[in-house]
Amino acid sequence: MKTVFRHPPEDLTGKRYWRSLEELADTPEFRSWLQREFPAGAADLELDGVSRRNFLRLMGASMALAGIGLSGCRRPEAYIAPYTKSVEWLVPGKAVLYTTSMPGPKGGVPLIATTFEGRPTKLEGNPLVPSSNGGTDLFAQASVLDLYDPGRARTFIRDGEEAGAQQFDVYLASVAKDLEAGKGAGFAILMEEQVSPTRDRFLRKLKERFPESGLYTYNPLGFEEHDLAVAALFGPDIALRADFEAADIIVSLDSDFLGIEQTVQSVRDFSRRRRVHGLGQDMNRLYAVENRYTITGGMADHRLRCAASQIPAFAVKLAKEVAASTNDRVLNAVVAQLKDGGTPFDEVWIKECAADLVARKGKSLVLLGDRFPAWVHGVVLAMNNALGAFGSTLRVLSVPRVKTSSFRDLVADTKARAIKRLFIFGGNPVYAAPADFEWGELQRAIPEVVRLGYSFDETSSPSKWHVPEAHYLESWGDQRAPDGTYLPIQPMILPLFGGLSQLDLLAKLAGLPADVEAIRETFKTFNQESDFESAWTRFLRQGFAESSSYQAAKVEFNPNALPDLLKTAGPPPGPVSPGAIEIVFPADYKIYDGRYANNGWLQELPDPITKITWDNAISLSKSTAKALQLEDGDLVEIGVNGRKLQAAVMIAPGHADYSLSLPLGYGRWVVGKVGQGIGFNAYALRTSDSPYFATGATVNLVQKNGHRLVQTQNHYSMEGRALVREATVDEFKRNPAFAKTVWMDAEIPPNVSLYSHPPLNAPNQWGMVVDLNTCIGCAACVIACQAENNIPIVGKDQVDRGREMHWIRVDRYFASAGGDKNNPHLEEDPEMVMEPMMCQHCENAPCETVCPVNATVHSEDGLNVMVYNRCIGTRYCSNNCPFKVRRFNFFSYNDRPVMDRIEKGLPGFQGKQQLYLGPLAPWGMDELSKMQKNPNVSVRIRGVMEKCTYCLQRIETAKVSQRVKAGVKGDLSLPTDSVKTACQQACPAEAIIFGDIKDPKSRVSQLRTLPQNYHLLEYLNIQTRTTYLARIRNPNPKMPGAARVGNINVDEHGDQRHSAPRAESEMDGGNA
Amino acid sequence: MAEPDASTVAFVERMPRRPLVLNNHSMAWISDRIAGIVENKAPLWWWITISITGSFAAFGTFCMLYLLYTGVGVWGNNVPVGWAWDITNFVFWIGIGHAGTLISAILHLCRQKWRTSINRAAEAMTLFAVMCAAIFPGIHVGRFWMAWFLAPIPNPNWIWPNFRSPLMWDVFAVSTYFTVSVLFWYLGLVPDLATMRDRAKGKVSRIVYGILAFGWRGGNRQWRHYEMAYLVLAGISTPLVLSVHSTVSFDFATSVLPGWHTTIFPPYFVAGAIFGGFAMVLTLMLPARSLHKLQDVFTWDHIDVMCKLVLLTGSIVGYAYCMEFFVAFYGANPFERFAFLNRYFGPYWWASWTMFTCNVIMPQLFWVRAFRRNWAIVFFVSMCANAGMWFERFVIFVISLHRDFLPSAWRMYYPTWVDVFTFIGTIGIFLTLFLLFIRFLPMVAMSEVKGVLPEADPHYHPRTDPESESRKEAHA
């Protein structure tokens, strides 16, 4: 309690009381003490002895102590070993580029390889090649990781034991001797389809020398049936190539020509006819008929769900309509010969589709999926013939080939004990052969099997020899592009583990020179110049031989073969129903036929449609799931043709009813760490007479919620938010700037910024435009970014926890067109849209203001830059990022074993990733994985945030060379469009355009002026540098459901403006 | 001084002020009872309790070390939900740390004498809560060994912290608050430490208390300085009580996230913090007063007043909840609308409804006087408020983050065992520190309580007191 002490008044009267002897004595000392103890006024604030100097001294000492304490934390030590002798041309840290190409079943993909100090780190398309625009597919992007796959085969293996290369040479010499002796009797080679002129030359030579030997090819996803039909109707050595630039109307009958059946050229050409950069553009129109959503179906203007087993019947119906209106004699005969399956189809759909095809006769095209039976191909070819497609939209090319036998023949020959010695080049027949061939057992019956394989796999284990195969980046070779252009395969590095290429092995068998000599020999046939050496140099330098594409064939469509072809059509299968369910085996978008199962980038890549990672699943429609009483993640047993398989199911919007799709390629059993125990092996159900689909499947529930499916995107609906904006061509012509007035953007109050920002005054101002009209969603950009920017994989469990590290993701939304609540198929048959999403480099970035340590700041050229060294990982920037494109290193994904699991130890930890062991787990990246890393991009440690940088390292490299060019005083602004980001460079559809928005000549500036250009979340005043071009669809107004196409932003009142979020039905995946 | 006039005397006689210490205890009784808690042997229950809380604290510390050595990934945080239990716990503990300083500073300035019997313990609770809170920003960062980047240390690179970042404001606000709270608490302890020193029987305790007492003699001059310093610190603390949680709320209010970007946050957070803080004081003091037989010092009147404050602040919080909801509707921003609908009807609806029930509905029981004086109900409601305030933070952070602008990025958040045990660990640390506090320091401010005894009043007239004779005897 505070009491005011009253000093005893001087004029004391009466009796005097005292409290102490001192008071009584009233000495001066006592008075002064009294004065001090009880001063009347304010306390006398005597200054104490602490001077400014002493204060600073103390503070300094405490800081120094703090410094000593903190200096205990250090970065790990690292060492750099310099070259003792410098390598010619080599500047450490500066990339050297070489042309090469990647072999593929439909032809090579022309590539440019970026190498650092002799290590290939990144692959780009070769834009010099006429059929390429510098884009690639995602397999080419990911193939560089295969080179450094720790799981690849490293040694020769004989009978399960390691052997040396010399021992194999000795063995090969004995084989050659035997071959000489027996003219090749009992000897066979099984290969995958490839378009390599040198390989063809070797094979011909081999066949010449050893005529008794057998050559067989097998591609699990082959196009034998298609080729059969083409051979029957056109003759041998003929191939058909669709010309998408010439086609106005395209009907795809389960042909995923933009997806898994794509070539870079087909995507490029299709998107050229899709791009709308003005009002007068002539867009193509795509009709798709398919059982599941494919990339192609997502791009379609009209899409019809149809079970795969009904596609042949559909083709016949369509042919009937086309025949009726064209009155084509051949087609009429075809239609007359075939029976109708009795499946009800949407008659109006077929009628109007056919009418559209016929109306643009000569500019229309019908495509059929590769693995349908030959007779269906015959029908479709006859239809194309009636539509005048040959020579215009469907080019007939003469493609010389080596005659080989089919896998079926090999099986027959093996059963007949005709094969004593089999060389298997690539492929993985034990895993991927049709289940009814029982090839695994059959292969054991062959006395000697020599396997040339990239990794030790299912086929290697029962083989006598396993020979490590060299990666295509390690060996010489050649390819022809899908259009026939002759491409070199140049080695970037010596074989890391001393592997052999197919050509090496063939050359040894045939006794021919291998390596570069072989390619030079083949190149002579493509060279038209007199000076061979300079032509050869140019060939390697520019990566292709000029005018080497396939010649147009001088053959006519021969309808006389049709009746025989059509005779092979069996009785048409009845319509699918709850009692007659079909199962379809599509190729996987990520690991193809299973060959990429040990590629971590591809395994972690979300499937473009389902967004599943590290898994496959049976997708089925919602009503099928309801009829079968299944839910996401339920484990079921599929039975078909007496074979059984357990797999998880997943409900997929847009899937045909009573049809199941299970992608091939999963469930490998002899595979590296990455692919171990992932997914369900659809090959177990696939037989030789049902390469694509099988009917009469039974489905039995094994376990409710028995399998955890992991998706990177759990929410399917856009929730009525105009993130992707689209309109039809007509609407666009009426209101070109429609995208700017959609939804909230119709009324944005003027914004005021609280903060002043550093000036954006650099000579270049970077920006990006993403064209949603051409983006097909193939995710090549995702892998390109991963390769370029040293992005680690994190494993299934971490993806499940929401920690995938991709800097760019492709958002996939299903959108039921508004306004049609009465349509029972609203959820079953939605539209699908794709939207690549990466850092938008907001000028007014929400992430920057909230970072407490200034680790994310803005550069003068408009980049939102991330300073890893400064980042302490508060994650506030990510929380405040409206696009959630920032990625956080929750663990040391680069330095701790992501794929290894904890075998034993603490209870509760078993089976978890070794990431959870913390310091007890081994530290450091393995040497092989290190080699892939881009030296110009920091490898991030745990605890830091990262995100898209607009490929800052590429901008800086360009700036450095511009500085060198310009000198000290010159113009430091970069030439127009001289920098490409990795995603842009990889995009075959040219949907991502990066450049200087300050430069009016740049492509990005020009695109930004287009009326359909819009900013995302503009109302937040974040001023994004990345903008989007709205999607424009080209529906046929006469088609049923045409009103629903292209209006996903329209609410139920038909009002595009001011609409509140509509209560769209939740279409969450199982995890939400 | 003039005698009070007749009407005042009549009023006082008709409605006497309720005594702040019951049963006319003497000053000596107070010293004996309170110092006795420290001086006597620790009771069995203390040993049992501290071994339990200590184990939780130890395991929690293990979890934190595991986190620091392994990575933030051992928690359940993910990309849309960058902050989950970590910041929930941080704000929860910071909120708890509001009652103590409010009681000691604001009530001191308002001359609310009833504060004296609870302020010491409440302030100690504040400190321990702030300590628990401070753990989380420290360990939740990805690279804790670089956390010193947050300090504005001059360096040759000219790199400074980002003073625009609310997290930076947080660092200053919380550290200032903690520093001032420590000073305030310790200053109040000095006279009592001197009492402990003077009463100490053992040599060690005499030396330790002697050092801690800073040579306090109880002289008038010391009291005068003490009171002035106490007043000044109360003055400094008062705005801090309001500013700390306002600043903490800026972490969210200044962001662009729907559900965070709200101007109502500062007052709403402060009210919530006081609400939660008082609930925690009640939670701790109800058992403490029974176990240490302090019912006469910490009376039902104290509990009653605190319950009223809980009711008031709980209702303010309830108002804020409703107002948020209304503004989300009225603002016509679809993102905001969605955020609030999702809060109550989305996948985490149970968390929001728990929050609403615990924070808004349960405190309404305190309208009834009988409930405010029933220990079971008071304890129950304050436990509800503790849980409710934790859920409030969970709701604001996790639910807002898990579904924001782009539906493609939406994702659920699930805690891991490390999340759970880190939180339980901080509860363990908090309770352990509190138990140590009541073991080694006087848990009631003896000197201040003596100051509010009737005898301390200079105008105290024993003749009005019928029991004055017995009191005199006690004095002697």
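**Exercise 1. Helices on the seven-stranded sheet**

Task: In this predicted model, determine which strands of chain A helix H6 lies across, and at about what angle H6(A) runs to E6(A).

Solution: Helix H6 of chain A, residues 197-209, lies across strands E6 and E7 of that chain, and its direction makes an angle of about 165 degrees with E6(A). The next step is to place these two strands in their sheet, which is open, has seven strands in the order E5-E4-E16-E15-E14-E6-E7 (chain A), and shows mixed pairing. At its edges stand strand E5 (161-163) and strand E7 (214-217) of chain A, each of which pairs on one side only, and the twist from one strand to the next averages 20 degrees. A further helix, H5 of chain A (residues 165-182), lies across E4, E5, E6, E14, E15 and E16 of chain A, running at about 125 degrees to E14(A). As one example of the pairing, E4(A) (residues 156-158) and E16(A) (residues 465-468) are joined in the antiparallel sense over two bridges, and A:Arg158 has A:Trp465 in E16(A) as its bridge partner.

**Exercise 2. The contact of H7(A) with H13(A)**

Task: Classify the packing of helix H7 (residues 224-234) of chain A and helix H13 (residues 374-386) of chain A from the angle and the distance of their axes.

Solution: The two helices pack at an angle of about 55 degrees, with their axes 8 Å apart. Angles from 65 to 115 degrees count as roughly perpendicular and those under 35 degrees as roughly parallel, so H7(A) is oblique to H13(A). The crossing of H7(A) and H13(A) is, in addition, right-handed. On the side of H7(A) the contact involves A:Glu225, A:His226, A:Leu228, A:Ala229, A:Val230 and A:Leu233, which meet A:Ala374, A:His377, A:Gly378 and A:Leu381 in H13(A). Sorted by class, the residues of this contact comprise six nonpolar, three polar and one charged.

**Exercise 3. The contact of H10(A) with H11(A)**

Task: Carry out the analysis for helix H10 (residues 311-326) and helix H11 (residues 329-337) of chain A, whose axes come within 9 Å.

Solution: The axes of H10(A) and H11(A) cross at roughly 140 degrees. Since an angle must be over 145 degrees to count as roughly antiparallel, H10(A) and H11(A) are therefore oblique to each other. The handedness of the crossing of H10(A) and H11(A) is left-handed. In H10(A), A:Ala319, A:Lys320, A:Val322 and A:Ala323 meet A:Leu331, A:Asn332 and A:Val335 in H11(A), and by class the contact has five nonpolar, one polar and one charged residues.

**Exercise 4. Strand E20(A) and its partners**

Task: For strand E20 (residues 581-584) of chain A, work out which residues point which way, and in which sense the strand runs with E26(A) and with E25(A).

Solution: A:Ile581 and A:Ile583 point one way from E20(A), whereas A:Glu582 and A:Val584 point the other way, and all are buried. Strands of a sheet pair through backbone hydrogen bonds, either parallel or antiparallel. With E26(A), residues 693-703, E20(A) shares three bridges and runs antiparallel, and A:Val584 stands opposite A:Phe693. With E25(A), residues 659-661, E20(A) again shares three bridges, but here the strands run parallel, and A:Val584 stands opposite A:Ser661.

**Exercise 5. The surroundings of A:Ser255**

Task: Decide whether A:Ser255 is buried or exposed, and list its contacts from beyond four places away in sequence.

Solution: A:Ser255 lies in the loop between strand E9 (249-253) and helix H8 (264-272) of chain A. Its relative accessible area is 5%, and because buried means under 20%, A:Ser255 is buried. Leaving aside residues up to four places away in sequence, A:Ser255 touches A:Glu261, A:Thr296, A:Leu367, A:Leu368 and A:Gly369. The C-alpha atom of A:Ser255 is separated by 9.3 Å from that of A:Arg371, which lies 116 residues away along the chain.

**Exercise 6. Helix H5 of chain B**

Task: Establish how many of the 11 residues of helix H5 (residues 99-109) of chain B are buried, and which helices these residues pack against.

Solution: Nine of the 11 residues are buried, and H5(B) is thus mostly covered. The buried residues run from B:Ala99, B:Gly100, B:Thr101, B:Leu102 and B:Ile103 to B:Ser104, B:Ala105, B:Ile106 and B:Leu107. They pack against helices H4 (85-96), H6 (116-140), H7 (166-199), H9 (220-253) and H10 (265-291) of chain B. H5(B) is followed by B:Arg111, which has a positive phi near 55 degrees.

Notes: Residues are numbered from 1 along each chain as its sequence is written. Chains are lettered from A and ligands numbered from 1 in the order in which they are written. This is a predicted model: local features need pLDDT of at least 70, side-chain atom pairs count only at pLDDT 80 or more; totals for chains, interfaces and linings use all residues. Side-chain values use heavy atoms; hydrogens and water are left out. Axes are lines fitted to C-alpha atoms, for helices over the stretch in contact, and angles run from 0 to 180 degrees between N-to-C directions. Helices (H or I, at least four residues) and strands (E, at least two) are DSSP runs, numbered from the N terminus. A crossing is left-handed if the near helix is turned anticlockwise from the far one by less than a right angle, and right-handed if clockwise. Contact means heavy atoms within 4.5 Å. Ala, Val, Leu, Ile, Met, Phe, Trp, Tyr, Cys and Pro count as nonpolar, Asp, Glu, Lys and Arg as charged, and the others, Gly among them, as polar. Buried means under 20% relative accessible area, exposed over 50%, partly exposed in between (1.4 Å probe, protein chains only). Two strands pair if DSSP finds at least two bridges between them.
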